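Colleague: Can you walk me through this one? Keep it short, please.

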Amino acid sequence: METILEFLVAAFLVTAGIFGIVGSYGLIKLNDQMSRLHAPTKATTLGVGGVLLASMLHAAAFEKYFSYHELMITLFLFLTAPITANFIAKVHIHRQETRDTMPEAGGDDHWATHDTPEDEERRSASQTPPAED
Amino acid sequence: MIEAAATFAFACFALAMLMNLWKVVTAPDVADRILALDTMFINAIALMVLYGMALGTEIFFEAAMIIAMLGFVSTVAYARFILRGNIIE
């Protein structure tokens with residue numbers, strides 16, 4: 001039993017290390033900016049998840065206490081990684097793309113990231129009812 | 001066996017952080033730089049958890065949690081500053 005647990009912890013650690021290094025290598029290696037976004041947000045998050053799983057298993061098996069902090073860190077990371085990825089993609093849209101290079105925006109004539117201040121005023125004026133004086 | 005695996009993971013994440021640092025310095029655009037910084041935060045969390053595991057203490061998990069929050073907030077603040085020229089409107 002001890003050996004199996006030890007083997008499991010070691011396997012989690014090795015997998016996590018490989019995922020982490022692949023994520024950061026992809027950040028250097030990939031050519032396109034939006035492809036570069038894939039490597040760290042997915043592979044590195046999985047790598048950290050592996051380390052945290054290994055740590056939980058290690059604490060439960062060898063240190064004789066159950067540790068729930070890792071669960072919180074994992075949950076937090078898995079919740080925030082997509083949000084940061086979305087923000088970085090928006091920065092890319094803001095700086096590298098124009099209204100003409102973007103695909104169709106459905107019902108609107110352009111994407112909200114490309115709004116000018118005038119567009120925003122128009123948008124908020126059409127959405128909120130006029131204030132009563 | 002765990003010692004060897006932990007050493008391997010330490011080496012991997014240290015190398016990953018070095019590559020992130022290289023990317024922060026040489027990135028062609030600011031979006032890449034934000035991304036590399038965010039990845040560096042995540043790798044730092046992994047290193048801290050590994051270190052806490054190696055020492056057998058719980059104290060590093062709180063530090064890792066704080067680093068995770070700081071990383072998220074600073075990435076969002078940086079991206080927001082590029083997008084809007086302002087962080088809290």
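Colleague: How many residues does each chain put into the contact?
Modeller: This is a predicted model. Chain A gives 45 residues to the contact, and chain B gives 42 residues.

Colleague: Which helices of chain B supply at least two residues of the side that touches chain A?
Modeller: Helix H1 (2–26), helix H2 (30–55) and helix H3 (59–84) of chain B each do. The largest share, 15 residues, comes from H2(B).

Colleague: And what is that side of chain B made of, by class?
Modeller: It has 32 nonpolar residues, 5 polar and 5 charged.

Colleague: Let's stay in chain B. At what angle do H1(B) and H2(B) pack?
Modeller: The angle is about 160°, and the axes are 9 Å apart. Angles over 145 degrees count as roughly antiparallel, so H1(B) is roughly antiparallel to H2(B). Their crossing is left-handed.

Colleague: Which residues of H1(B) and H2(B) meet there?
Modeller: From H1(B), they include Phe10(B), Phe13(B) and Met17(B). From H2(B), they include Leu37(B), Met40(B) and Leu47(B). By class, the contact of H1(B) with H2(B) has 16 nonpolar, 3 polar and 3 charged residues.

Colleague: New topic. Where is Thr113(A)?
Modeller: Thr113(A) is in a loop of chain A, between helix H3 (69–96) and helix H4 (117–127).

Colleague: Why does Thr113(A) count as partly exposed?
Modeller: Because Thr113(A) has 16 C-beta neighbours inside 10 Å. Buried needs 20 or more, and exposed needs 12 or fewer.

Colleague: What does Thr113(A) touch, beyond four places away in sequence?
Modeller: Thr113(A) touches Lys90(A), Ile93(A) and His94(A). Also, the C-alpha atoms of Thr113(A) and Val91(A) are separated by 8.6 Å, with the two residues 22 apart along the chain.

Terms used: Residues numbered from 1 in each chain as written. Chains lettered and ligands numbered in written order. Predicted model: local features only at pLDDT ≥ 70, side-chain atom pairs only at ≥ 80, totals over all residues. Contact = placed C-beta atoms within 7 Å. Helix = DSSP H or I, 4+ residues; strand = E, 2+ residues; numbered from the N terminus. Nonpolar A, V, L, I, M, F, W, Y, C, P; charged D, E, K, R; others polar. Axes fitted to C-alpha atoms, helices over the stretch in contact; angles between N-to-C directions. Parallel < 35°, antiparallel > 145°, perpendicular 65-115°, else oblique. Left-handed = near helix turned anticlockwise from the far one by under 90°.
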